[in-house]
Amino acid sequence: MKKLFRKIHLWLSIPFGIVITLISFSGAMLVFEEEIMHLLHRDLYFAEHAEDAVPLPVGELAAKVAATLPEGVKVTGVTLFADPGRTCMVNLSEPRRASVAVNPYTGEVTGRVERAPFFTCMFRLHRWLLDGMRPGGGIFVGKLVVGISTLLFVVILLSGVVIWWPRTRKAMRNSLKISVRKGWRRFWYGLHVAGGMYALLFLLAMASTGLTWSFPWYRNGFYRLFGVETTQGGNHGARPSAKTSGGRAQSGKPSENASGNKHEVSFARWQQVCEELARRNPSFRQITVSDGAAGVSSGRAGNRRASDRYLFDPESGEITKTMLYEDTARANKIRGWIFSVHVGSWGGLPTRILAFVAALAGATLPLTGYYLWFRRLKRRKS
């Protein structure tokens, strides 16, 4: 039995090992993207202010930004954070997913918020091997290769467990040690075997959830395990919208008042809506308000995309409809949990650190496997 699984493990790892390394490494690089960006660009994400400073009304902030925009570009929403030291994010209609950071105490635009080239490269490598969609709906080769490699990675991991499974407890304890005093071959062998076992559960969780973005048939089957029928795709790695997490406002054209002045009516009520939502949700993490819609994220443990949604009258500011996360469709909840498990955020910072380490371990497994395989071939030739 083990002989068969050794062959499966080896002959799947040889052609797909490099791809698995690239996917795992790029995934690890994305785990702490937000923290790294905040550290490198503090002037963009954080605003200096006096302790007794009072933020400007949301409508005034939106109006200040709107006055600086070129023709055809509109303010579509504003995101406020519970942290008084954070800048607020003003979302724009163009280009797609565009936003600028604004000092909430002065109204000064501190810069445009966009993904750094490094993280853009890592995301495209992780999802599509730097490939792009084909015009006219052609085969998305990079996405297909990533999906197949991830699926085979699950088989490789499980076959590795069968190969490793020891007969005695003593043998198990010895196999889970990484020795640094018995030569390089023993070190790389321990890193491959013990490292793979320690990271196994995280790697299986990340791979099995990641496959929901690669194959519709897998996604449908995965959701059926939870009693949910769905045909919708996910937005892996995409910045969430107000409809899902409060991180982005939904797009929409600003209202016009009776005199024909754009922005005035809808912006004027945004502060009222934000104050009401903050009163209803004292533990909120961020609030996003747009033209007639708002979202509140309270940073619930586990599901990073959990949020409450609200609709309001743009003219009066009265909240007309409340859609709490607890009442959200089960498919949406599961989609949020899939994302949280995939990126390791379901348990907060500790699980994110473990996910980062596990992803790096996943990147080393093919490399250590190649080393051991080449050593074995060299011995046979000699």
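Start by selecting R86 and F46: R86 lies over the face of F46, 5.7 Å from the ring centre. A charge counts as sitting over a ring when NZ of Lys or CZ of Arg is within 6 Å of the ring centre and within 35 degrees of the ring normal.

Before moving on, a word on the model. It is predicted, so local features need pLDDT of at least 70 and side-chain atom pairs count only at pLDDT 80 or more, while totals for chains, interfaces and linings use all residues. Residues are numbered from 1 along each chain as its sequence is written, and side-chain values use heavy atoms, with hydrogens and water left out.

**Stop 1: R115 and its partners**

Now pick R115 and F123. R115 lies over the face of F123, at 4.7 Å from the ring centre. Add E33 to the selection, and you get a salt bridge to R115 with the closest N and O atoms 2.9 Å apart. The cut-off for a salt bridge is a side-chain nitrogen of Lys or Arg within 4 Å of a carboxyl oxygen of Asp or Glu.

Zoom out a bit to see what this contact connects. R115 is in the loop between β4 (109–113) and α5 (117–128), and E33 is in helix α2 (residues 33–40), so the pair ties together parts that are 82 residues apart in sequence. Helices (H or I, at least four residues) and strands (E, at least two) are DSSP runs, numbered from the N terminus.

Which of the two is buried, R115 or E33? E33 counts as buried at 12% relative accessibility, whereas R115 is partly exposed at 24%. The scale here is relative accessible area with a 1.4 Å probe, protein chains only: buried is under 20%, exposed is over 50%, and partly exposed is in between.

**Stop 2: more salt bridges**

How many salt bridges does a search of the whole structure find? The count is five. Select E114 and R112 for another one, at 3.8 Å from N to O. Here E114 counts as partly exposed at 46%, and R112 as partly exposed at 45%.

Then jump to helix α10 (residues 264–280), where E276 and R279 are three residues apart, about one helical turn. Their side chains meet in a salt bridge of 2.6 Å, N to O. E276 is partly exposed at 23% relative accessibility, while R279 counts as exposed at 57%. Add R280 as well: salt bridges with shared partners join E276, R279 and R280 into one network.

**Stop 3: the strands around β6**

Next, select residues 293–297, which make up strand β6, with five of its five residues buried. Spin the view to check both faces: A293, G295 and S297 are buried on one side, and A294 and V296 are buried on the other.

Now show β5 (residues 286–290), which pairs with β6 in the antiparallel sense over four bridges. Strands pair if DSSP finds at least two bridges between them. Look for T288, which stands opposite G295 in β6. The β5–β6 hairpin has two residues between the strands, and G292 takes a positive phi near 95 degrees there.

Bring in β7 (residues 308–312) too, since β6 and β7 pair in the antiparallel sense over four bridges. A294 has Y310 in β7 as its bridge partner. While you're in β7, click on D308. This residue is buried, at 3% relative accessible area, and its side chain reaches the backbone nitrogen of Y325 at 2.7 Å.

**Stop 4: the rings**

Finally, colour the aromatics: the structure holds 17 aromatic pairs. Rings of Phe, Tyr and Trp (its six-membered ring) pair if their centres lie within 6.5 Å, and planes under 30 degrees apart count as stacked, over 60 as edge-to-face and the rest as tilted.

One of these pairs is F202 with W346, stacked at 6.5 Å centre to centre and 25 degrees between the planes. The two rings come from distant parts of the chain, 144 residues apart: F202 is in helix α8 (residues 184–210) and W346 in the loop between α11 (330–343) and α12 (349–381). W346 counts as partly exposed at 38%.

Y370 and F374 are stacked as well, with 6.5 Å between centres and 25 degrees between planes. Both lie in helix α12, four residues apart, about one turn of the helix. Y370 is buried, with a relative accessible area of 15%.

For the last selection, take F215, W217, Y218, F222 and F226, which ring pairs link into a cluster.

Conventions: A polar contact is a pair of N or O atoms within 3.5 Å; within protein, one must be able to donate a hydrogen and the other to accept it, and residues adjacent in sequence count only if both atoms are side-chain atoms.
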